[in-house]
Protein chains: 2
Amino acid sequence: MFRFEIFAKDGDARTGRLVTPHGIIETPSFVAVGTLGSVTAMSVQDLKEIGTQVVISNTYHLHLQPGEDLIRQMGGLHRFMGWDGPLMTDSGGFQIFSLGAAKEHGVGKIAPIFPGGEDRGGHYDSKKGKPLVNIDETGATFTSYLDGSRRRFTPEGVIGIQMKLGADIILVLDECTSPLHDYAYTKAAMERTHRWSERSLKAFRENRDGLQALFGIVQGGAYRDLREESAAFISDRDFEGYAIGGSLGRSKEDMHQVLEWSIPLLQENRPRHLLGIGTVEDIFEIVKRGIDLFDCVAPTRLARTGTLFKKEEERFRIHIRNEKYKNDPLPVDEGCSCQTCSHYSRAYLRHMFLSGEPLGVRLAAIHNLHFLETLMGRIRKAIKNGRLREMHREWMEK
Amino acid sequence: MFRFEIFAKDGDARTGRLVTPHGIIETPSFVAVGTLGSVTAMSVQDLKEIGTQVVISNTYHLHLQPGEDLIRQMGGLHRFMGWDGPLMTDSGGFQIFSLGAAKEHGVGKIAPIFPGGEDRGGHYDSKKGKPLVNIDETGATFTSYLDGSRRRFTPEGVIGIQMKLGADIILVLDECTSPLHDYAYTKAAMERTHRWSERSLKAFRENRDGLQALFGIVQGGAYRDLREESAAFISDRDFEGYAIGGSLGRSKEDMHQVLEWSIPLLQENRPRHLLGIGTVEDIFEIVKRGIDLFDCVAPTRLARTGTLFKKEEERFRIHIRNEKYKNDPLPVDEGCSCQTCSHYSRAYLRHMFLSGEPLGVRLAAIHNLHFLETLMGRIRKAIKNGRLREMHREWMEK
């Protein structure tokens, strides 16, 4: 039921397709984030109209609410959320180590510390750099952000939860480190993640139905030897694909290095997913280094504040609340065919945001996701035509 | 450009059509509330899919933000909001007398005191019963709820604003009284509203372009002689239609009486709009008494709290957050063809509301508006077939 085919390469970038039981993902592809089973007020029809290929939900969040047993009883996550296309679930490793810490320290929200300002939706304690969650060899015990109850995740348990959820692609439980962790801790956590990976694989093999694929996660922080060790280890195991997770360092350059250390050691013919990265600038850099899939909350999170993607602008963003759009009758992007740009002016969008009308966020999210899908289509074409470098240069010119 | 035709009558209820420059409204019709130029996160495509016939926006709100001049500059309200169907604007009379009072008393929100718990989106000071706004013969001065600035509305000015907005149907500025006002004050306010109506008509005639119709508003509180006097006065003037506004008393029975006093004195061949009423129970009662149009925030306001319309339920409502829907795989209404009921279960909707996902509100609003459009279609058919009483009885049986 799973097949990954590479059609063309352009440098280290490649384009192809990942066949899943719920349809084909043309790669490289953006993965829309639907943490709790919905993507920012968008119905599944909206997602299809936008051209969304694949959605990623979160095991941690869905476990806490409404729970995997309920979702299974409702026919699985696809049916529950009405999405019949390819679907992934993240393991929740990142969330238990970040949200758990924020909760225990009584902090609501800490600025993301991953490069680019976009994280995977969780938060570290920036003072201590060590998420407060009780971790031992068999698993991790953490506090529910919803009701303060103590919960336990084990590698086998998380596979079990994800089997109940039933997404096409699932991920192993990993221990996520932050850039504030030192070498020794990062190494220990990586080694534990490796042991958990083997246990995850074993649990997966014992119960697999052939309708789900399991991805391993490369850890090792921003340390070269650890990333290389981890990539080699994960690559050597029977995973259908690989995710690159954990700390990607403190800068874009660190992140690029992590990819350059890890990717060459991964099996060529398996898909590679970068967890939690996806601004426009990042996309070119990660695709050029051989990433096939990536998820990011940026397009929807930015939409909430009235930030919309546009090619010609600084950081590819416009802030629609800006006074200068007050009486601007043009669509956000004249060349864009999304529902938002087809029907609404910048002036109207600005009015929606200034007056707090919820339609504004939805229209902004539709545009941002459509923008990324269109961009990825062009990137795939550029790779096919051996023109990715040229396209990248053209996009970076202001 | 305007024509109102009555096809059939069933008692005092009638069905027909109101032709406007932007299309036909089959009556009796619900008018969806889009105060600031959008209806609860729904795009115009959503509204069309639902079967929405006509939208009502608000002069008071749009004047304060983004302002009528901007909207005119953007091509008028239709174009600004992307809605090419029939459109109304309420005059803002209700809002300046209610929101103004709430602001000046430092109260955020007072429970609505109109029968049925649904009001026109504004709030009275329940202690004094007298909205704090400076009113004189030429107009009303009030405080903007946005920035505290002092603003002035006159009958002529409000016609001018609505001409800039360009809705198909516009309303005269009225002085809105509450059930807490006494006879003497209600009479004085009604008489002022009458004088304002004549000034509105004059201002309208001097500048009309034939693309807008002006409705007068019947006032007079819950006092029989005042309602009769007001209905006769407004009916005698050259309005294209009539709205019934102001205090409708303290109970459903009061409201029914107000209609029974007013409607027989209005010209038969003009459309009659009831401002701010529209629960399912109310709809039958007002249509039976000869109402052709009505607007109400209930379907969208209830949607925000997870309350969805359903025929067989107490008060025609279900509360989707209720524990009993936890693992309910059925759609909200198995017989409903709306987007929500076609794709999502009660369990999923409950999950959306419990986890605060904005998709929940949108799906609930879609269902509620679709429910009302379907109901109105059936009511129109029942009137044609002389079966309205029978249909009403059938709906009221539990």
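Q: Just after helix 10 of chain B, which sign and value does the phi of B:Gly290 take?
A: The phi of B:Gly290 is positive, about 100°. This is a predicted model, where local features need pLDDT of at least 70 and side-chain atom pairs count only at pLDDT 80 or more, while totals for chains, interfaces and linings use all residues. Residues are numbered from 1 along each chain as its sequence is written, and chains are lettered from A and ligands numbered from 1 in the order in which they are written.

Q: What makes residues 280–288 of chain B a helix, and which of its residues are buried?
A: Helices are DSSP runs (H or I, at least four residues), and strands are too (E, at least two), with numbering from the N terminus. The run 280–288 of chain B is helix 10, and its buried residues are B:Asp282, B:Ile283, B:Phe284, B:Ile286, B:Val287 and B:Lys288. They pack against several elements of chain B, including strand 2 (13–20), helix 9 (252–262) and strand 13 (272–275).

Q: Which residues of helix 6 of chain B count as buried, and what follows that helix?
A: Helix 6 (residues 155–165) of chain B buries B:Pro155, B:Val158, B:Ile159, B:Ile161, B:Gln162, B:Met163 and B:Leu165. After the helix comes B:Gly166, with a positive phi near 80°.

Q: What makes A:Asn385 count as buried, exposed or partly exposed?
A: The cut-offs are simple: 20 or more other C-beta atoms within 10 Å of a residue's own make it buried, 12 or fewer make it exposed, and anything in between is partly exposed, with C-beta atoms placed from the backbone. A:Asn385 has 13 such neighbours, so it counts as partly exposed. Its place is the loop between helix 14 (359–384) and helix 15 (388–396) of chain A. A:Asn385 and A:Arg362 are 23 residues apart in sequence, and their C-alpha atoms are 35 Å apart.

Q: How do you know that strand 2 and strand 3 of chain A pair?
A: Pairing needs at least two bridges found by DSSP. Strand 2 and strand 3 (residues 23–27) of chain A share 5 bridges and run antiparallel, so they qualify. One of the bridge pairs is A:Thr20 with A:Gly23. A hairpin of 2 residues links the two strands.

Q: What makes up the closed barrel in chain A?
A: It has 8 strands, in the order 4-5-6-10-11-12-13-14, with parallel pairing. As an example, strand 6 (residues 87–90) and strand 10 (residues 169–171) of chain A pair over 2 bridges, so the criterion is just met. There A:Met88 sits opposite A:Ile169.

Q: Which strands close the barrel in chain B?
A: The order is 4-5-6-10-11-12-13-14, again with parallel pairing. Strand 6 and strand 10 of chain B run parallel, joined by 2 bridges, and B:Thr89 faces B:Ile170 in strand 10.

Q: Why is chain A called as compact as a globular protein of its length?
A: Take the radius of gyration over C-alpha atoms and set it against the globule rule, 2.2 Å times the number of residues to the power 0.38. Chain A comes out at 20 Å, close to the 21 Å the rule gives for 398 residues, so the label fits. Chain A has 15 helices and 16 strands, and 57% of its residues count as buried.

Q: How do you know that chain B is in contact with chain A?
A: A contact means C-beta atoms, placed from the backbone, within 7 Å of each other. By that test 34 residues of chain B touch 34 residues of chain A. On the chain B side, helix 13 gives the largest share, 5 residues. That side has 17 nonpolar, 14 polar and 3 charged residues, where Ala, Val, Leu, Ile, Met, Phe, Trp, Tyr, Cys and Pro are nonpolar, Asp, Glu, Lys and Arg charged, and the others, Gly among them, polar.

Q: What are the domains of chain A, and how far apart are their C-alpha centres?
A: The assignment gives domain 1 (3–296) and domain 2 (321–396), with bounds taken from an automatic or database domain assignment. Their C-alpha centres lie 27 Å apart. The contact uses 25 residues of domain 1 and 21 of domain 2 in chain A. On the domain 1 side, helix 10 of chain A gives the largest share, 5 residues, and the classes there are 13 nonpolar, 6 polar and 6 charged.

Conventions:
Two residues are in contact if their C-beta atoms, placed from the backbone, lie within 7 Å.
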